[in-house]
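Visitor: I would like a close look at one part of this model, namely the salt bridges and the residues that take part in them. Could you take me through that part with care, and then set it against the rest of the chain?

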Amino acid sequence: MTTTEIKTNDRTTTEATTVRPNPATPRLNFAKTAPKVFRAVIGLDAAAREGLDPALVELVQIRASHLNRCAYCLHMHTTDARKAGESEDRLHMVAVWQEADHFFSDRERSALALTDAVTRIGDAGVPDEVYARAAAYFDEEELAHLLALIFTINTWNRIALSTAKRAGTDER
């Protein structure tokens with residue numbers, strides 16, 4: 001595997017630059033093999049979304065899926081966002097939201113920043129300023145739901161990647 005070092009905010013991270021191979025052998029069907037666990041994640045997902053703007057939900061799920069390189073979830077959530085009326089411009093800008101801030105509201109940018117920090121929690125934790133910014137735009141209950149949404153999409157990304165779900169199959 002080849003890697004690239006990237007310097008960001010006084011720290012260097014290593015990013016894989018090779019394409020993940022598709023496994024030759026089919027992997028387990030998580031929903032069928034661990035149905036109670038699968039239903040529990042569905043329940044967490046449904047509870048996390050409560051009270052959050054559906055467009056914001058999709059932006060957060062798209063951003064985490066970008067960061068985790070989960071093509072399956074990225075395809076699913078961009079498709080869902082389009083069906084909900086999200087613009088192509090905004091969908092294309094999610095990956096570079098920090099440089100395209102005029103496409104997103106302050107509230108959305110605070111949610112995307114929190115998504116970045118929580119998804120990459122091993123890099124630097126969740127910085128106080130990122131948390132405070134989100135807390136300025138979301139009341140405590142909304143913030144708890146937003147965090148739960150971020151936890152959930154990261155779980156879904158890991159399920160899809162670990163079980164080699166294929167983008168475009170949209171097997172829910």
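Guide: What follows begins with the chain as a whole, moves to the salt bridges, and ends with two other sites.

The model is predicted, and its protein chain holds nine helices and two strands, which run from the N terminus in the order β-β-α-α-α-α-α-α-α-α-α. Of the 172 residues in the protein chain, 37% are buried, and among the contacts with a separation of 6 or more, 63% are between residues 24 or more positions apart. The protein chain exposes about 10000 Å², with carbon and sulfur atoms supplying 54% of that area.

The count of salt bridges comes to seven, and those described here include two that involve Arg90. In one of them, the side chain of Arg90 meets that of Glu86, with a distance of 2.5 Å from N to O. Arg90 counts as buried because its relative accessibility is 15%, under the 20% that sets the limit for buried residues, and Glu86 is likewise buried, with a relative accessible area of 15%. The side chain of Arg90 also forms a salt bridge with that of Glu108, at 2.8 Å from N to O. This pair links distant parts of the chain, since Arg90 belongs to helix α5 (residues 88-93) and Glu108 to helix α6 (residues 106-119), 18 residues apart. Both Arg90 and Glu108 are buried.

Helix α6 also contains Arg109 and Asp106, which are three residues apart and therefore separated by about one helical turn. Through shared partners, salt bridges join Glu86, Arg90 and Glu108 into one network. Arg109 and Asp106 form a salt bridge of their own, in which the closest N and O atoms are 2.0 Å apart. Arg109 is buried, with a relative accessible area of 14%, whereas Asp106, at 36% relative accessibility, counts as partly exposed.

Two other sites can be set beside these pairs. Thr152, placed in helix α9 (residues 140-162), is buried at 1% relative accessibility, and, leaving aside its neighbours within four places in sequence, Thr152 is in contact with Val41, Leu44, Asp45 and Ala48. Glu50, by contrast, is exposed, with a relative accessible area of 55%; Glu50 lies in the loop between α2 (35-49) and α3 (54-68), and together with Asp139, Glu140 and Glu141 it forms a negative surface patch.

Definitions and conventions: Residues are numbered from 1 along each chain as its sequence is written. This is a predicted model: local features need pLDDT of at least 70, side-chain atom pairs count only at pLDDT 80 or more; totals for chains, interfaces and linings use all residues. Side-chain values use heavy atoms; hydrogens and water are left out. Helices (H or I, at least four residues) and strands (E, at least two) are DSSP runs, numbered from the N terminus. Buried means under 20% relative accessible area, exposed over 50%, partly exposed in between (1.4 Å probe, protein chains only). Contact means heavy atoms within 4.5 Å. Patches are made of residues with over 30% relative accessible area and no salt bridge: like charges are joined within 9 Å, nonpolar side chains (Val, Leu, Ile, Met, Phe, Trp, Tyr) within 5 Å. Accessible areas come from the Shrake-Rupley method with a 1.4 Å probe; for residues, only the protein chains shown count as cover. A salt bridge is a side-chain nitrogen of Lys or Arg within 4 Å of a carboxyl oxygen of Asp or Glu. Lys and Arg count as positive and Asp and Glu as negative; His and the chain ends are not counted. The place of a charge is taken as NZ of Lys, CZ of Arg, CG of Asp or CD of Glu.
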